[in-house]
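Please open the structure in your viewer and keep the selection tool at hand. The stops below can be followed in order, each beginning with something to select.

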Amino acid sequence: MVLTKEQEAFICRKHEQTLKLRNEYLKQSSNPFRHATGEGGTVFDAGLARFQAMRVSNYEHFRPTGHSFRTGLFAVVLPIAIYAWMLKSERDCREQKYRTGQVAYKDRRFKFI
């Protein structure tokens with residue numbers, strides 16, 4: 001796989017940023033005087049805090065659009081409606097066979113006796 005100069009530069013920058021964040025984490029987590037700063041427990045991660053804040057405020061920034069409506073319709077409402085229709089039609093067909101005498105009582109799936 002041949003990389004261009006821009007891709008190599010991007011990978012190098014990303015690697016340097018990763019090393020910088022790693023070294024900062026190791027420095028903070030191995031500090032024996034960390035309890036004096038008032039931060040107990042784990043190291044504060046700004047990226048994780050931003051992610052959690054975004055997840056909490058997701059519904060406040062939601063805008064109903066045609067795309068979100070179609071997604072909800074095809075992912076939730078339509079499968080439930082199709083399944084209910086299939087279930088009802090199958091039961092109606094079976095009930096019609098029971099009522100017209102095409103299925104003997106001893107061969108029925110659900111019996112009272």
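## Salt bridges along a helix

Begin by selecting Arg94, which counts as buried because its relative accessibility is 18%, the cut-off for that label being under 20%. Please keep in mind throughout that the model is predicted.

With Arg94 still highlighted, add Glu90 to the selection and display both side chains, which meet in a salt bridge with 2.9 Å from N to O. The two residues, Arg94 and Glu90, are 4 residues apart in helix α3, so about one helical turn separates them. Glu90, for its part, is partly exposed, with a relative accessible area of 38%. In general, side chains of opposite charge can pair when their charged atoms come close.

How many salt bridges does a search of the whole structure find? The search finds 3, and the next two selections show the others besides the pair of Arg94 and Glu90.

Select Asp92 and Lys88, which form a salt bridge whose closest N and O atoms are 3.0 Å apart. Both Asp92 and Lys88 lie in helix α3, with 4 residues, or about one turn of the helix, between their positions. If you colour by accessibility, Asp92 should appear as partly exposed at a relative accessible area of 38%, whereas Lys88 is exposed at 51%.

Move on to Glu95 and Arg99, where another salt bridge brings the closest N and O atoms to 2.8 Å from each other. Here too the partners lie in helix α3, 4 residues apart, which is about one turn of the helix. Glu95 is partly exposed, with a relative accessible area of 35%, while Arg99 is exposed, with a value of 67%.

## A nonpolar patch

Now select Phe74, Leu78, Ile82, Trp85 and Met86 together and switch on the surface, where these residues make a nonpolar patch of about 550 Å². Taking Leu78 as one member of this patch, you will find that Leu78 lies in helix α3, which spans residues 66–100. Is Leu78 buried, partly exposed or exposed? Leu78 counts as partly exposed, because its relative accessibility is 33%.

## Beyond the helix

For the last stop, select Phe110, which lies in the segment after α3. Phe110 is exposed, with a relative accessible area of 64%. Finally, add Ala46 and draw a distance between the two C-alpha atoms: Phe110 and Ala46 are 64 residues apart along the chain, and their C-alpha atoms are separated by 61 Å.

Key: Residues numbered from 1 in each chain as written. Predicted model: local features only at pLDDT ≥ 70, side-chain atom pairs only at ≥ 80, totals over all residues. Heavy atoms only, no water. Patch = residues over 30% accessible without salt bridge, like charges linked within 9 Å, V, L, I, M, F, W, Y side chains within 5 Å. Areas by Shrake-Rupley, 256 points an atom, 1.4 Å probe, with all protein chains shown as cover. Salt bridge = Lys/Arg side-chain N within 4 Å of Asp/Glu carboxyl O. Buried < 20%, exposed > 50% of the residue type's maximum accessible area, 1.4 Å probe, protein only.
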